[in-house]
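Visitor: Could you take me through one part of this model closely, the place where charged side chains meet, and then show me what lies in the rest of the fold? I would like a connected account rather than a list.

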Amino acid sequence: MGALHWLLRGPFFEITQDAGGAARRGRRVFLWDLLFYATFGLVVTSSVQIAGVLLVFGLLVIPAVAGLMASQRTGIALTVGWAFGFVASAAG
């Protein structure tokens, strides 16, 4: 799933940052949203079955939120989120 999301990162970022503009350019925003959330839901549900709710929340959701709270710029938010997740994993 990570590879799929990486390959489709262009449309995913486009509809996230400017859904109205993407729709005007012909991008089917609803279908791209559906694809993203369906694949994300598969990752979360399979991860919860394997590792448990607390661990998945702590390593998947919290670092992403920390990154978004630190910056609205994508690169900085990703770096902060990855660092947050790495430190949490190492500390755990």
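Guide: The count of salt bridges comes to 2, in what should be read throughout as a predicted model. In one of them the side chains of Arg25 and Glu14 meet, with 3.0 Å from N to O, and this pair links distant parts of the chain, since Arg25 sits in the loop between α3 (19-24) and α4 while Glu14 belongs to helix α2, 11 residues apart. The two partners differ in their surroundings: Arg25 has 54% relative accessibility and therefore counts as exposed, whereas Glu14, with a relative accessible area of 19%, is buried, a value that falls under the 20% cut-off for that class.

Glu14 also forms a salt bridge with Arg27, and here the closest N and O atoms are 2.8 Å apart. Because Arg27 lies in the loop between α3 and α4 and Glu14 in helix α2, this pair ties together parts that are 13 residues apart in sequence. Arg27, at 30% relative accessibility, counts as partly exposed. Taken together, Glu14, Arg25 and Arg27 are linked in a network of salt bridges, in which Glu14 is the partner of Arg25 and of Arg27.

To place this network in the fold, it helps to step back to the chain. The secondary structure comes to 6 helices and 0 strands, so that, read from the N terminus, the elements run α-α-α-α-α-α. The C-alpha trace spans about 45 × 30 × 20 Å along its principal axes, and of the 92 residues in the chain, 21% are buried.

Helix α2, which carries Glu14, takes part in aromatic contacts as well. The structure holds 4 aromatic pairs, and one of these is edge-to-face, because the rings of Phe12 and Phe36 have their centres 5.3 Å apart and their planes at 75 degrees. Phe12 lies in helix α2 (residues 9-17) and Phe36 in helix α4 (residues 29-51), so this contact ties together parts that are 24 residues apart in sequence. Phe12 counts as buried at 9% relative accessibility, while Phe36, with a relative accessible area of 26%, is partly exposed. The ring of Phe36 also pairs with that of Phe40, and because their centres are 5.9 Å apart and their planes stand at 10 degrees, this pair is stacked. Both residues lie in helix α4, 4 residues apart, which is about one turn of the helix, and Phe40 is partly exposed, its relative accessible area being 33%. Ring pairs link Phe12, Trp32, Phe36, Tyr37 and Phe40 into a cluster. An aromatic ring also meets a charged side chain elsewhere, for Arg9 lies over the face of Trp6, at 4.1 Å from the ring centre.

Phe36 leads on from the ring cluster to the largest pocket, where Phe36 is among the residues that lie nearest the centre, together with His5, Phe13, Ala64 and Leu78. That pocket has a volume of about 1,300 Å³ and is lined by 29 residues. The elements that give two or more residues to its lining are α1 (2-7), α2, α4, α5 (53-70) and α6 (74-91), and by class the lining has 20 nonpolar, 7 polar and 2 charged residues.

Helix α6, one of the contributors to that lining, also holds Val80, which at 28% relative accessibility counts as partly exposed. Val80 and Leu68 are 12 residues apart in sequence, and their C-alpha atoms are 8.4 Å apart in space.

To return to the part you asked about, the charged network joins Glu14 to Arg25 and Arg27, with Glu14 in helix α2 and Arg27 in the loop between α3 and α4. The aromatic contact of Phe12 with Phe36 then leads from helix α2 to helix α4.

Terms used
Residues numbered from 1 in each chain as written. Predicted model: local features only at pLDDT ≥ 70, side-chain atom pairs only at ≥ 80, totals over all residues. Heavy atoms only, no water. Phe/Tyr/Trp six-rings, centres within 6.5 Å; stacked < 30°, edge-to-face > 60°. Buried < 20%, exposed > 50% of the residue type's maximum accessible area, 1.4 Å probe, protein only. Lys NZ or Arg CZ within 6 Å of the ring centre and 35° of its normal. 1 Å grid on protein atoms, 1.4 Å probe; cavity = no way out; pocket = protein on both sides within 12 Å on 5 of 7 lines; lining within 4 Å. Points joined across faces, edges and corners; volume = space filled by probe spheres on them. Nonpolar A, V, L, I, M, F, W, Y, C, P; charged D, E, K, R; others polar. Salt bridge = Lys/Arg side-chain N within 4 Å of Asp/Glu carboxyl O.
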